[in-house]
Amino acid sequence: MNPSLQAVNTADPIVSVRGVSKTYPGGFQALKRVDLDIRRGEIFALLGPNGAGKTTLISIVCGIAKPSEGVVLADGHDTERDYRLAREAIGLVPQELHTDAFETVWATVSFSRGLFGKPPNPAHIEKVLKDLSLWDKKDNKIMTLSGGMKRRVLIAKALSHEPKILFLDEPSAGVDVELRHDMWRMVRKLREGGTTIILTTHYIEEAEDMADRIGVINHGELIVVEDKDVLMRKLGKKQLTLTLQHTLRSLPEALAGWPLELSGNGLTLTYTFDTQKEETGIADLLRTLAGQGIDFKDLQSSESSLEDIFVSLVHKKQETPA
């Protein structure tokens, strides 16, 4: 039996990407040998700058685009050889607001369910519309809705056939705060019910709040995939900021080897230390400062955010010679 068609158990990844590359006719390589497993029931955030390859990867997993090489399995089904079964497992909320302008909300969401060969289920459609605060708009034509409401309809369409995997491609782009909160509330509820969520977002604080794991893609390469908490521990840094009693024109020689930064006005010293090390070095630093006669009147500590880590990863990759 073809291994791509064998049944899978709950220990298997629900999405498996192996050696996937995508090169367009003009020669542009959008993806370069990507390997990725998405676990069942997790929220996975795929981060990357514009043009990094996020949407291309999603399009390939969803069967919208074909890879130049490599294999993708969705819920155990090869997305090329067994397209229909693979696609049935997937709901996609795209970036673009493409909707059936002259149809009603109820009709377009119900029609989307039928496209996947699912029998009518008015109770499910009602639940989805109510979860997305669309119930009172069910008889409205799409063309009469606001941009935020149209975005809700896209999400409803993606959920109409009860997919096991939900892709959210920049779902917060251009939406109001209320919809954003509704959407993340719904995402958590879906995950509790066993749905696997894969999202791309420019709102990195959302990924930090929502995701179980983080993947960072840049120039078509997956440069890191890690549990969010592990990533924050491994790559996060802490800083101690000291407000000085008196202006310091330059760092004394005794402090030259320390990871210190003196502010332009000479009144702030920032010490950066590794969260992974047992010894922070703070006690030694404070003793050295006292020995140099440098007094401070206040000190504050801070920790790297996911955004800081993301920016440092992307910049590091860009600076690495080919």
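Let me start with the largest nonpolar core in this predicted model, which has 37 residues, and in which Leu166, Leu168, Val187 and Ile214 touch the most other members. The element that gives the most to this core is α5, with seven residues. If we look at one of those four central names, leucine 168, and leave aside its neighbours within four places in sequence, we find contacts with Val93, Trp184, Val187, Ile197, Ile198, Leu199 and Thr200. Apart from this core lies another, of 26 residues, and among its members are Val34, Phe44, Ile58 and Ile90.

One of those members, Ile58, brings me to helix α1, which covers residues 54-61. Seven of the eight residues of α1 are buried, so the helix is largely enclosed by the rest of the structure. The buried residues are Lys54, Thr56, Leu57, Ile58, Ser59, Ile60 and Val61, and you will notice that a lysine is included in that list. After α1 comes glycine 63, whose phi is positive, near 80°.

Now to helix packing, and back to α5, which spans residues 147-159 and packs against α3 at an angle of about 30°, with the two axes 7 Å apart. The crossing of this pair, α3 and α5, is right-handed. On the α3 side we have Val105, Thr108, Val109 and Ser112, and these meet Val153, Ala156 and Lys157 of α5. Sorted by class, the residues in this contact are four nonpolar, two polar and one charged.

Serine 112 deserves a moment of its own, as a residue of helix α3, which runs over residues 105-115. Is serine 112 buried or exposed? Its relative accessibility is 5%, and because buried means under 20%, serine 112 counts as buried. Beyond its neighbours within four places in sequence, serine 112 is in contact with Lys157 and Ser160.

Let me turn to the charged side chains, where a search of the whole structure finds 13 salt bridges. In one of them, glutamate 69 meets arginine 33, with an N to O distance of 3.4 Å. This pair links distant parts of the chain, since glutamate 69 sits in strand β4, residues 69-74, and arginine 33 in strand β2, residues 29-38, with the two positions 36 residues apart in sequence. Glutamate 69 is partly exposed, at a relative accessible area of 38%, whereas arginine 33, at 52%, is exposed.

Which partner does arginine 39 meet in a salt bridge? The partner is aspartate 227, and the N to O distance is 3.1 Å. Here too distant parts of the chain are linked, with arginine 39 in the loop between β2 and β3 and aspartate 227 in strand β10, residues 221-227, the two being 188 residues apart. Both partners are partly exposed, arginine 39 with a relative accessible area of 43% and aspartate 227 with a relative accessibility of 27%.

A further salt bridge joins arginine 188 and aspartate 209, at 2.7 Å from N to O. Arginine 188 belongs to helix α6, residues 177-192, and aspartate 209 to helix α7, residues 204-210, so this pair ties together parts that are 21 residues apart in sequence. Arginine 188 itself is partly exposed, with a relative accessible area of 33%. Finally, there are salt bridges that share partners, and these join Arg40, Asp75 and Lys164 into one network.

Note on methods:
Residues numbered from 1 in each chain as written. Predicted model: local features only at pLDDT ≥ 70, side-chain atom pairs only at ≥ 80, totals over all residues. Heavy atoms only, no water. Buried < 20%, exposed > 50% of the residue type's maximum accessible area, 1.4 Å probe, protein only. Helix = DSSP H or I, 4+ residues; strand = E, 2+ residues; numbered from the N terminus. Salt bridge = Lys/Arg side-chain N within 4 Å of Asp/Glu carboxyl O. Contact = heavy atoms within 4.5 Å. Axes fitted to C-alpha atoms, helices over the stretch in contact; angles between N-to-C directions. Left-handed = near helix turned anticlockwise from the far one by under 90°. Nonpolar A, V, L, I, M, F, W, Y, C, P; charged D, E, K, R; others polar. Core = buried A, V, L, I, M, F, W, Y, C linked by side-chain atoms within 4.5 Å.
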